[in-house]
Amino acid sequence: MKDKIILLQIRYSGDDNIVYACKTHEIAERIIRDWFAEYCTDNPSLEELEDYLWEKDIGYWDISEEVVICE
């Protein structure tokens, strides 16, 4: 049986990545907003938030979809 899982790698600038395994993209996005809540006061899109955090060298994340094989 093959299932897909969403991997979120997230960090503040200068820190090591923390990896979350999520069932959905929505869960990963919620974790991102929780991590960077102080920068989400005006409810930016994830793209706007990512651009701002990158530009200010505050934090980063990467979301990927991986196949998990369960036997």
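Rings of Phe, Tyr and Trp, the last taken by its six-membered ring, pair if their centres lie within 6.5 Å. The model shown in these views is predicted.

**View 1. An aromatic cluster of Y12, W35, F36 and W61**. Ring pairs link these four residues, Y12, W35, F36 and W61. A search of the whole structure finds six aromatic pairs. One of the pairs joins F36 to W61. The centres of these two rings are 6.1 Å apart, and the planes stand at 35°. The F36–W61 pair counts as tilted, because planes under 30 degrees apart would be stacked and those over 60 edge-to-face. F36 lies in the loop between α1 and α2, and W61 in strand β3, so the pair ties together parts that are 25 residues apart in sequence. F36 is buried, with a relative accessible area of 0%. W61 is buried too, at 13% relative accessibility.

**View 2. The largest nonpolar core**. This core has 15 residues. Those with the most contacts inside the core are L8, I10, I32, F36, L49, L53 and W61. The elements giving two or more residues to the core are β1 (2–12), α1 (25–35) and α2 (46–55). The most comes from α1, with four residues. F36 and W61 appear here again, as members of the ring cluster in View 1.

**View 3. The surroundings of L8**. Residues up to four places away in sequence are not counted here. L8 then touches I18, V19, Y20, A28, I31 and I32. It also touches W61, D62 and I63. Two of these partners, I32 and W61, are listed with L8 among the core residues with the most contacts.

**View 4. S64 in strand β3**. The strand spans residues 59–69. S64 counts as buried, because its relative accessibility of 19% is under the 20% cut-off. The side chain of S64 makes a polar contact with the side chain of E66, at 3.1 Å. With neighbours within four places in sequence left aside, S64 is in contact with I5, I6 and L7.

**View 5. Cysteines C22 and C40, with no disulfide**. The structure holds zero disulfides. Why is the sulfur of C22 without a bond to the closest cysteine sulfur? The closest cysteine sulfur, in C40, is 16 Å away, too far for a bond. Seen from C40, the closest cysteine sulfur is that of C22, again at 16 Å. The cut-off for a disulfide is 2.5 Å between the sulfur atoms. C22 is buried, at 3% relative accessibility. C40 is also buried, with a relative accessible area of 15%.

**View 6. Positive phi at N43**. Phi of N43 is near 55°, a positive value in a residue other than glycine. N43 sits in the loop between α1 and α2. F36 of View 1 lies in the loop between these helices as well. N43 is exposed, with a relative accessible area of 61%.

**View 7. Positive phi at D57**. D57 is another residue, other than glycine, with a positive phi, near 55°. The place of D57 is in the loop between α2 and β3. Is D57 buried, exposed or partly exposed? At 43% relative accessibility, D57 counts as partly exposed.

Key: Residues are numbered from 1 along each chain as its sequence is written. This is a predicted model: local features need pLDDT of at least 70, side-chain atom pairs count only at pLDDT 80 or more; totals for chains, interfaces and linings use all residues. Side-chain values use heavy atoms; hydrogens and water are left out. Buried means under 20% relative accessible area, exposed over 50%, partly exposed in between (1.4 Å probe, protein chains only). A polar contact is a pair of N or O atoms within 3.5 Å; within protein, one must be able to donate a hydrogen and the other to accept it, and residues adjacent in sequence count only if both atoms are side-chain atoms. Contact means heavy atoms within 4.5 Å. A nonpolar core is a set of buried Ala, Val, Leu, Ile, Met, Phe, Trp, Tyr and Cys residues joined through side-chain atoms within 4.5 Å.
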